[in-house]
Structure formats: structure tokens, C-alpha cells
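This report goes through one protein chain, part by part. Please keep the sequence and the structure open while reading.

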Amino acid sequence: MSDRLCTVLLYSDDPQVRDRMRLAVGPRPAPGLRIEFVEASTYAECIRLVDDYEIDLMVLDGEASPGGGIGIARQIKDDRDDAPPTCVVIARAADRWLAAYAEVDATLVHPLDPVTTGTTVAELLRTHAPA
């Protein structure tokens with residue numbers, strides 16, 4: 001059986017945060033899954049990538065500025081019936097209520113733990129993304 005190739009969108013205005021996300025997710029977060037990354041540093045880029053590519057999962061920086069990941073998640077969920085599953089990385093666990101309001105599928109907290117991140121990403125890809 002071959003690995004399933006999934007496209008994961010990483011969004012942050014900070015390239016170092018995107019690097020940390022990429023490293024925490026890794027190219028193979030679980031057996032049977034292979035990841036290719038696309039990156040966005042602005043709200044407009046993020047929307048364009050969701051429109052132009054088949055994105056299997058979005059990992060969004062909740063602390064990005066001026067467009068935060070929670071706001072982008074909510075906007076995409078409101079605008080699209082086929083919105084990809086979304087994971088928002090937040091700085092404070094107390095912000096999970098806001099992420100829940102934005103209808104995100106999962107949250108992670110900075111700094112990212114590679115084991116938790118890989119497990120969360122793999123579960124989202126297996127349960128929400130199309131086969």
C-alpha cells in the first residue's frame with residue numbers, strides 16, 4: 001500500500017513560525033501519510049491557495065498579524081461549503097473558546113510539541129479530509 005500524499009497549508013506572517021510548524025508536523029506525521037506543504041504569509045495568499053489548490057488541511061497561526069488564523073478560519077468556514085479541516089496554533093490555551101467559535105477542528109498551543117502536532121495532524125487528515 002502506498003502512502004497518501006496530503007497538502008497542508010501553513011499560514012503565518014512570520015517565516016520562523018511557518019518553519020516551526022513545518023518541523024513539528026514533519027513530512028510523515030504517521031504511517032501511510034506523506035505531507036507536501038504550501039505556505040501563505042498574508043490573508044490574501046491564504047485565500048488564493050485555498051481557492052487554487054486542493055488543500056487537505058490548514059494549519060493557521062492564531063497570533064499572525066494583521067490577519068489572525070482564527071479570523072481566517074472563520075471566514076473560510078463561512079464562505080465555503082467545502083472548507084478544509086483547520087487547526088489553529090494559539091499562544092494561550094484560554095483562547096480555545098475563540099477557536100471553537102471560529103469552528104476550527106483542532107487547536108495546538110505555541111510552542112509546538114512535535115508528537116502532539118503530528119498526532120493531531122494525522123487524526124485530522126484521516127477523519128476529515130477526503131480519501
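## Helix 2 against helix 3

Four residues of helix 2, Y43, C46, I47 and V50, are in contact with I72, Q75 and I76 of helix 3. By residue class, this contact between helix 2 and helix 3 has 6 nonpolar members, 1 polar and no charged.

A packed pair of helices is described by the angle between the axes and by the distance between them. Here the axes of helix 2 (residues 43-52) and helix 3 come within 11 Å, and the crossing angle is roughly 35°. The crossing of helix 2 past helix 3 is right-handed.

## Confidence of the model

The model is predicted. Mean pLDDT for the protein chain is 94, with 97% of the residues at 70 or more. Among the elements of the chain, strand 3 has the highest mean pLDDT, 98, and helix 4 (residues 96-101) the lowest, 92.

## The sheet

The chain contains an open sheet of 5 strands in the order 2-1-3-4-5, with parallel pairing. Strand 2 (33-40) and strand 5 (106-109) are the edge strands; each has a single partner strand, so one side of each lacks a neighbour in the sheet. From one strand to the next, the twist averages 25°.

Several of the pairings can be followed by residue. Strand 1 and strand 3 run parallel and are joined by 4 bridges; Y11 has L60 of strand 3 as its bridge partner. Strand 3 is also joined to strand 4 by 4 bridges, again in parallel, and M58 stands opposite T86 of strand 4. Between strand 4 (residues 86-90) and strand 5 there are 4 bridges, and these two strands run parallel. In that pairing, I90 is matched with V109 of strand 5.

## Helices on the sheet

Helix 1 (residues 15-25) packs on the sheet and touches strand 1 (4-11), strand 2, strand 3 (57-61) and strand 4. The direction of helix 1 makes about 175° with that of strand 2.

Helix 3 (residues 69-79) lies across strand 1, strand 3 and strand 4. Relative to strand 4, helix 3 runs at about 160°.

## Burial of strand 3

Is strand 3 mostly covered or mostly open? Strand 3 is mostly covered, as 5 of its 5 residues are buried. L57, V59 and D61 point one way from the strand, while M58 and L60 point the other way, and all are buried.

## Unusual backbone positions

Most peptide bonds are trans, and most residues other than glycine have a negative phi. Which peptide bond that involves S65 is cis? The bond from S65 to P66 is cis, with omega near 5°. P66 belongs to the loop between strand 3 and helix 3. Another cis peptide bond joins H110 and P111, with omega about -10°. P111 is located in the loop between strand 5 and helix 5 (114-127).

E103 is not a glycine, yet its phi is positive, about 65°. This residue sits in the loop between helix 4 and strand 5. Is E103 buried, partly exposed or exposed? With a relative accessible area of 43%, E103 is partly exposed, because that value falls between the limits of 20% for buried and 50% for exposed.

Key. Residues are numbered from 1 along each chain as its sequence is written. This is a predicted model: local features need pLDDT of at least 70, side-chain atom pairs count only at pLDDT 80 or more; totals for chains, interfaces and linings use all residues. Side-chain values use heavy atoms; hydrogens and water are left out. Two strands pair if DSSP finds at least two bridges between them. Axes are lines fitted to C-alpha atoms, for helices over the stretch in contact, and angles run from 0 to 180 degrees between N-to-C directions. Contact means heavy atoms within 4.5 Å. pLDDT is the predictor's confidence in each residue, from 0 to 100. A crossing is left-handed if the near helix is turned anticlockwise from the far one by less than a right angle, and right-handed if clockwise. Ala, Val, Leu, Ile, Met, Phe, Trp, Tyr, Cys and Pro count as nonpolar, Asp, Glu, Lys and Arg as charged, and the others, Gly among them, as polar. Buried means under 20% relative accessible area, exposed over 50%, partly exposed in between (1.4 Å probe, protein chains only).
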